[in-house]
Amino acid sequence: MTGATEDDKSYFQRFCDYMRRDTKGVEITRFAKASDIPRHFIREQIPQYGRVRKIEPSIQAGPLLVVRHQPPLNLFFWSSKTLPVKIAGIDVNANGYSWLQSVVVDRPITFLPVGGESGQDHAECRVIFYDQSKDGKSVRRVDVGETLLSLGFAQMSAPVPMKATKPVSKDPFERAVQGYFRALARSESEAKDRRVGLWQQRLPPKLWPAKLWQSTWDGLLLKVSPASRQLPELVR
């Protein structure tokens with residue numbers, strides 16, 4: 001079994017960790033819109049937790065994860081508030097929408113707000129869940145944005161920001177966001193190279209020697225990679 005994840009921590013441990021981070025009294029309420037999230041939560045990249053209730057279509061933002069936020073100290077436990085969450089940095093297509101419904105709905109997730117336009121109701125976040133292997137011996141960390149891009153079920157919503165291509169910033173928040181966008185760009189590049197998902201039609205087919213090499217290499221990686229490094233079958 002791999003090391004304990006954030007989801008493995010007891011409720012009390014998570015509460016104590018949270019309180020040590022200067023949460024300024026807002027830890028007792030469920031978030032229902034982006035403006036409910038304190039700015040210092042975003043700047044300090046304080047993980048938030050919740051469970052995805054459903055996937056909701058949005059003409060402007062694309063598929064939104066409707067999340068029931070779970071604050072460490074939930075005094076208003078009867079509240080039915082939910083927070084709409086957009087996976088930051090990507091545009092999800094119809095296949096991605098179906099994937100989210102099949103894989104992410106009803107899962108507990110960790111989400112880290114990374115900002116967004118002021119005045120919008122949905123929060124733009126990095127979204128992560130943990131998936132236990134069939135034998136129960138390992139836990140896989142699945143970044144939803146990176147996975148959708150690697151499957152060709154999404155594309156980056158904009159080029160990698162210039163800041164993310166420059167030397168790593170000394171600012172912790174900027175460094176975290178830079179790392180996230182770099183990871184997204186790598187996942188999209190891999191999907192393009194393999195011509196999977198939406199890139200099957202958008203890019204010209206690879207010449208057969210390159211295609212054969214790619215297929216052989218992918219098969220070899222799948223065989224030699226430890227189970228903890230492989231995506232679950234449904235996620236692949």
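Where is R195 found? In this predicted model, R195 sits in the loop between α6 and α7 (199–202). Its backbone is a bit out of the ordinary: R195 is not a glycine, yet its phi is positive, at about 55 degrees. Most residues other than glycine have a negative phi. With a relative accessibility of 22%, R195 counts as partly exposed, given that the buried class takes in values under 20%.

D106 is another residue of this kind, with a positive phi of about 75 degrees even though it is not a glycine. D106 also belongs to a loop, here the one that links α3 (94–103) with β5 (108–115). Its relative accessibility comes to 47%, so D106 counts as partly exposed, the exposed class being reserved for values over 50%.

Stepping back to the overall picture, the protein is built with 8 helices and 8 strands. It has 236 residues, and 43% of them are buried. The surface exposed by the protein amounts to about 13400 Å², with carbon and sulfur atoms supplying 55% of that area. As for how the chain folds back on itself, take the contacts between residues at least 6 apart in sequence: 62% of these join residues at least 24 apart.

Strand β2 (residues 64–69) is a good place to look at the interior. All the way along, 6 of its 6 residues are buried, so β2 is largely enclosed by the rest of the structure. In a regular strand the side chains alternate between the two faces of the sheet. Both faces of β2 turn out to be covered. On one side the buried residues are L64, V66 and R68, while on the other they are L65, V67 and H69. A charged residue, R68, is thus listed with the buried ones.

The neighbours of β2 in the sheet are easy to trace. Strand β1 (residues 48–56) runs antiparallel to β2, and 6 bridges join the two. Within this pairing, K54 has V66 of β2 as its bridge partner. Strand β3 (residues 83–87) also pairs with β2 in the antiparallel sense, this time over 3 bridges. Here L65 stands opposite V85 of β3.

β3 comes up again in the search for enclosed space. The count is 1 cavity of 30 Å³ or more, and the space in the largest cavity is about 40 Å³. Its lining is made up of A61, G62, P63, K86, I87, I90, D91 and V92. Two elements, β3 and β4 (90–92), each give two or more residues to that lining. The largest share, 3 residues, comes from β4. Sorted by class, the lining holds 5 nonpolar residues, 1 polar residue and 2 charged ones. The charged residues in the list are K86 and D91, and the polar one is G62.

Back in the helical part of the model, S187 lies in helix α6 (residues 172–194), the helix that comes before the loop holding R195. S187 has a relative accessible area of 8% and is therefore buried, well within the under 20% cut-off. Leaving aside residues up to four places away in sequence, S187 touches E146, L149 and S150.

Notes: Residues numbered from 1 in each chain as written. Predicted model: local features only at pLDDT ≥ 70, side-chain atom pairs only at ≥ 80, totals over all residues. Heavy atoms only, no water. Helix = DSSP H or I, 4+ residues; strand = E, 2+ residues; numbered from the N terminus. Buried < 20%, exposed > 50% of the residue type's maximum accessible area, 1.4 Å probe, protein only. Contact = heavy atoms within 4.5 Å. Areas by Shrake-Rupley, 256 points an atom, 1.4 Å probe, with all protein chains shown as cover. Pairing = 2+ DSSP bridges. 1 Å grid on protein atoms, 1.4 Å probe; cavity = no way out; pocket = protein on both sides within 12 Å on 5 of 7 lines; lining within 4 Å. Points joined across faces, edges and corners; volume = space filled by probe spheres on them.
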